[in-house]
Amino acid sequence: MATSSQSPILGVLGGGQLGRMLIQSAINYNQDIHILDPDPNAPCKDLSQRFIVGSLKDFDTVYAFGHGCDVITVEIESVNTEALEKLQREGKKVYPQPDILSLIKDKRKQKQFYQLHGIPTAEFILTADKAEVIHNADFLPAVNKLGKEGYDGRGVQVLRTEADLESAFDEPGLLEKLIDFDKEIAVTVARNEAGDLIAYPAVECAFHPTANLVEFLFAPAEISQEIAEKAEKIAKDVILKLGMVGILAVEMFVTKEGEVLVNEVAPRPHNSGHHTIEANFTSQFEQHLRSVMNWPLGNPELRCPAAMINLLGEDGFTGPVVVEGQQEALTEQGVYIHMYGKKITKPFRKMGHVTILSDTVDGLKEKAQRIKDLIKIKAIQ
C-alpha cells in the first residue's frame, strides 16, 4: 500500500526525554510531531515540527492543541483527560484512550482494576487520609502510595512499623502489602488499532537504595523460562483487558515462591525500555509510534544481552550541567550514551541513560557498575 507524503500529524502531550526519543524515531519516517509542554526549555523544543508552551492539565489548552493534530498520544499520564475525551468524540484518534489514562493515573483505580479482572497483584487497602492509614496499622509492613501525582520515586514510601506511621500521606492513597520479592521485572507490550499485539522480553530492574528510581536494568532478566512466559502472559492480559492501543510497560514482582504480581503500569514508553534503542530490533519508541499510528508492529526481540544505566543528577548538585567521565566512557566498546538535553541538574533528576551491549551476560553487571562509577552528572559551582 502506498503512503502519502502528507502523513497524519501526531500530537504528543509532554515534551520531555520520552518525547525527544520518540521524535528521534519518527524522523526516519518523515513523521511530523507536534509537542505541548509547560516548560519553554523542554528537551523536545528544538526537535519537533511545532512546539507549544502550555499546561497539560488545562482543558482549553489541551483541546486547542489537539485540534491541530490527527492522532494524539502522551508521554506522561498527568494530562487533562476531559479535553481528550471531547477530542475523541469529535473524531480525533487518542491513544492510549482517555478513559484508560484516567484509570491508570489513579493508582487506587489501577489496583481495583487488577482485582476486578483477576490480574495478580499484591493485597491492598484504599485509604482516604493519614488517619485511615494509622487505623490500618495492623496491615504493616506495607507500601504507602498516593493515589495521584506520584512518579519518579515521589508519592511512594515504605511503612514497616507503627513508628513510621507519622510520615503517612494525608491524601487519598492506598496501603499495599510489602512483598518479599526475589526480583523486580518489567515486560513491555504494544497493541495497534488493528489488534496486533507484541511483547518484549522481560527485563530485570535494580532500584536506587534511597531515590526509589531504577538505577540499573538488565536484559534479558535472569528468570526461568516458566516465569518469563508467565510474565509475558500477564502483561498481554493487562493490555487486552484494558482494550488499550499503544505501548504499555508492566512492572512486576517475582516472589520467592515463583509468583508473578503486577505492581504498576505505564501507558507510554518507559524507563524499563530505554535499552531497546540499541539492544532490540525495534525500539520501544518506534513501537509506540507504530502502535498509535496503526502501522505494522515491529520485531521486539533482543539482538544481544544489554544493560541500561540511568544517569541521575548527583546528590548535592543543582545548577548548569557538568558531565564528568563521558569521554572516558566513550572509549569502551558497546557503550551508548544518551543525554536528554536538560540544561539544569538537581539531585536524582533523570539527565540521561547509558546502554551497554555485550555478546554474553558474563561481566555485564560489573561493566555497568564501572560505567556508572565513571559518569557523574554534576553542576557548575
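Two strands count as paired here if DSSP finds at least two bridges between them. Keep that in mind, since much of this predicted model is easiest to read strand by strand. A good pair to start with is strand 10 and strand 14, which run antiparallel and share ten bridges; along that pairing, Thr-188 sits opposite Ala-249 of strand 14. The chain as a whole splits into domain 1 (10-95), domain 2 (123-177) and domain 3 (181-379), and the centres of domain 1 and domain 2, taken over C-alpha atoms, are 33 Å apart.

**The parallel sheet**

- Let's look at the open sheet of five strands, ordered 3-2-1-4-5, with parallel pairing.
- Strand 3 (50-53) and strand 5 (93-94) are the edges: each has a single partner strand, so one side of each has no neighbour in the sheet.
- Strand 2 (residues 33-37) pairs with strand 3 in the parallel sense through four bridges, and Asp-37 faces Val-53 of strand 3 there.
- Strand 1 and strand 4 run parallel and are joined by four bridges, with Val-12 opposite Thr-73 of strand 4.
- Strand 4 also runs parallel to strand 5, this time with two bridges; the bridge partner of Val-71 in strand 5 is Lys-93.
- In a regular strand, side chains alternate between the two faces of the sheet.
- On strand 4, Val-71 and Thr-73 point one way while Ile-72 and Val-74 point the other, and all are buried.

**Helix 2, lying across that sheet**

- Helix 2 (residues 59-67) lies across strand 1 (10-13), strand 2, strand 3 and strand 4 (71-74), and runs at about 175 degrees to strand 2.
- Which residues of helix 2 are buried? They are Val-62, Tyr-63, Phe-65 and Gly-66.
- Those residues span an arc of only 165 degrees around the axis, so they end up on the same side of helix 2.
- Packed against them are strand 1, strand 2, strand 3, strand 4 and helix 3 (81-89).
- Asp-60 and Ala-64 are exposed, on the face of helix 2 turned away from its buried side.

**The antiparallel sheet of four**

- Another open sheet has four strands in the order 6-9-7-8, and its pairing is antiparallel.
- Strand 6 (124-127) and strand 8 (156-159) are its edge strands, each pairing on one side only.
- On average, neighbouring strands of this sheet are turned by 25 degrees against each other, direction ignored.
- Strand 7 (residues 142-146) and strand 8 run antiparallel with four bridges between them, and Asn-144 stands across from Gln-157 of strand 8.
- Helix 5 lies across strand 6, strand 7 and strand 9 (173-177), at about 145 degrees to strand 6.

**Strand 10 and its partners**

- Why call strand 10 largely enclosed by the rest of the structure? Nine of its eleven residues are buried.
- Besides strand 14, strand 10 pairs antiparallel with strand 12 (residues 203-207) over three bridges, where Ile-185 has Glu-204 as its bridge partner.
- Strand 10 also pairs antiparallel with strand 11 (residues 197-199) over three bridges, and Arg-191 stands opposite Leu-197 of strand 11.
- Strand 10 and strand 11 make a hairpin with five residues between them, and Gly-195 in the turn has a positive phi of about 95 degrees.

**The largest nonpolar core**

- The largest nonpolar core holds 27 residues, and Val-187, Val-238, Leu-242, Leu-248, Met-252, Val-262 and Val-265 have the most contacts inside it.
- The elements giving two or more residues to this core are helix 4 (98-104), helix 5 (107-116), strand 10 (181-191), helix 7 (225-242), strand 14 (246-255) and strand 15 (260-266).
- Helix 7 gives the most to this core, with seven residues.
- Setting aside neighbours within four places in sequence, Val-265 has contacts that include Glu-77, Ile-104, Tyr-114, Val-238 and Leu-248.

**Helix 11**

- The buried residues of helix 11 (residues 364-374) are Leu-364, Lys-367, Ala-368, Ile-371 and Lys-372.
- These buried residues cover an arc of only 135 degrees around the axis, which puts them on the same side of helix 11.
- Their cover includes strand 13 (214-219), strand 16 (306-312), strand 18 (335-339), strand 20 (350-357) and strand 21 (376-379).

Key
Residues numbered from 1 in each chain as written. Predicted model: local features only at pLDDT ≥ 70, side-chain atom pairs only at ≥ 80, totals over all residues. Heavy atoms only, no water. Contact = heavy atoms within 4.5 Å. Axes fitted to C-alpha atoms, helices over the stretch in contact; angles between N-to-C directions. Core = buried A, V, L, I, M, F, W, Y, C linked by side-chain atoms within 4.5 Å. Buried < 20%, exposed > 50% of the residue type's maximum accessible area, 1.4 Å probe, protein only. Arc of directions from axis to C-beta. Domains from an automatic or database assignment.
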